[in-house]
Amino acid sequence: MALKIENTHGWNAERLLAMWPSILTNLRKFVASLSDDLTERFVVEAIMSGRNTLWVVYEEETPEIAVLCILTEIKKNDATGRIFVEVTGMGGNRVHECLPLGRDIEDWAMENYGATEMLMIGRMGWRKVMKHHGYEEKAVIMKKKLEVPSHGREQQQQSVSE
């Protein structure tokens, strides 16, 4: 069974609606993995507004079922002026089989926007997998939830600033 990837930009409503149930299922998997930071509504609005490009991977024999959905965004590094494509989300199944199709996204970004880099932020477990596809680790993103300070901490902070 051959996998195919397509950019949904320019799809007519009939084509999109035929695949929409499986697209939504895959997008929900992605949102669930980052539920502290994303909502389903935000992701759909990012696609509908054109801020994110939705790519779908499907088997040619069943073109109405998305196996994997990938969201990308074209960005510019303000410091260098370089254009890059960022994978802002991915949800679905058979990711290992689908990753080689990412070359189509790279080609599209280079041809249409002059992109020179592709960026992906993902879970730690992706490091090993993505290394086989030409990615290298450049940074680590750390996150901390902030809490309302206790009364004692407020006094301590005031003393420091005085």
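## Starting at Glu-137

Glu-137 is partly exposed because its relative accessible area is 46%, where buried means under 20%, exposed over 50% and partly exposed in between, with a 1.4 Å probe and protein chains only. This is a predicted model, in which local features need pLDDT of at least 70, side-chain atom pairs count only at pLDDT 80 or more, and totals for chains, interfaces and linings use all residues. Residues are numbered from 1 along each chain as its sequence is written, and side-chain values use heavy atoms, with hydrogens and water left out.

To find Glu-137, look in the loop between helix 5 (126-131) and helix 6 (151-161). Its side chain makes a polar contact of 3.5 Å with the side chain of Arg-127. A polar contact is a pair of N or O atoms within 3.5 Å; within protein, one must be able to donate a hydrogen and the other to accept it, and residues adjacent in sequence count only if both atoms are side-chain atoms. Ile-121 is 16 residues from Glu-137 along the chain, and their C-alpha atoms are separated by 9.8 Å.

## The chain as a whole

Now step back to the full chain, which has six helices and five strands. These are DSSP runs numbered from the N terminus: helices are H or I with at least four residues, strands are E with at least two. Along the sequence, the pattern reads β-α-α-β-β-β-α-α-β-α-α.

The chain has a radius of gyration of 19 Å, while a compact globule of 162 residues would have one near 15 Å. That radius is taken over C-alpha atoms, and the globule rule is 2.2 Å times the number of residues to the power 0.38. Along the principal axes, the C-alpha atoms fill a box of roughly 70 × 35 × 30 Å. Of the 162 residues, 33% are buried.

## Two nonpolar cores

The largest nonpolar core has 22 residues, and those with the most contacts inside it are Ile-5, Val-57, Leu-68, Ile-70, Met-90 and Trp-126. Such a core is a set of buried Ala, Val, Leu, Ile, Met, Phe, Trp, Tyr and Cys residues joined through side-chain atoms within 4.5 Å. Elements that each supply at least two residues of this core include strand 1 (3-7), strand 3 (66-76) and helix 4 (102-113). A second, separate core has 15 residues, among them Trp-11, Val-43, Leu-54 and Cys-69.

Met-90 is a handy residue to click on: leaving out residues up to four places away in sequence, Met-90 touches Phe-30, Leu-68, Cys-69, Ile-70, Val-95, Met-120 and Trp-126. Contact here means heavy atoms within 4.5 Å.

## Aromatic rings and a charge above them

There are two aromatic pairs, counting rings of Phe, Tyr and Trp (its six-membered ring) with centres within 6.5 Å; planes under 30 degrees apart are stacked, over 60 edge-to-face and the rest tilted. The Trp-55 and Trp-108 pair is edge-to-face because the planes are at 80°, with the ring centres 5.1 Å apart. This pair links strand 2 to helix 4, 53 residues apart. Trp-108 also pairs edge-to-face with Tyr-113, with centres 5.3 Å apart and planes at 70°. Trp-55, Trp-108 and Tyr-113 form one aromatic cluster. Within it, Trp-55 is buried at 4% relative accessible area, Trp-108 counts as buried at 15%, and Tyr-113 is partly exposed at 42%.

Elsewhere, the charged end of Arg-15 sits over the ring of Trp-11, 4.2 Å from its centre. Arg-15 also lies over the face of Tyr-58, at 5.3 Å from the ring centre. The rule asks for NZ of Lys or CZ of Arg within 6 Å of the ring centre and within 35 degrees of the ring normal.
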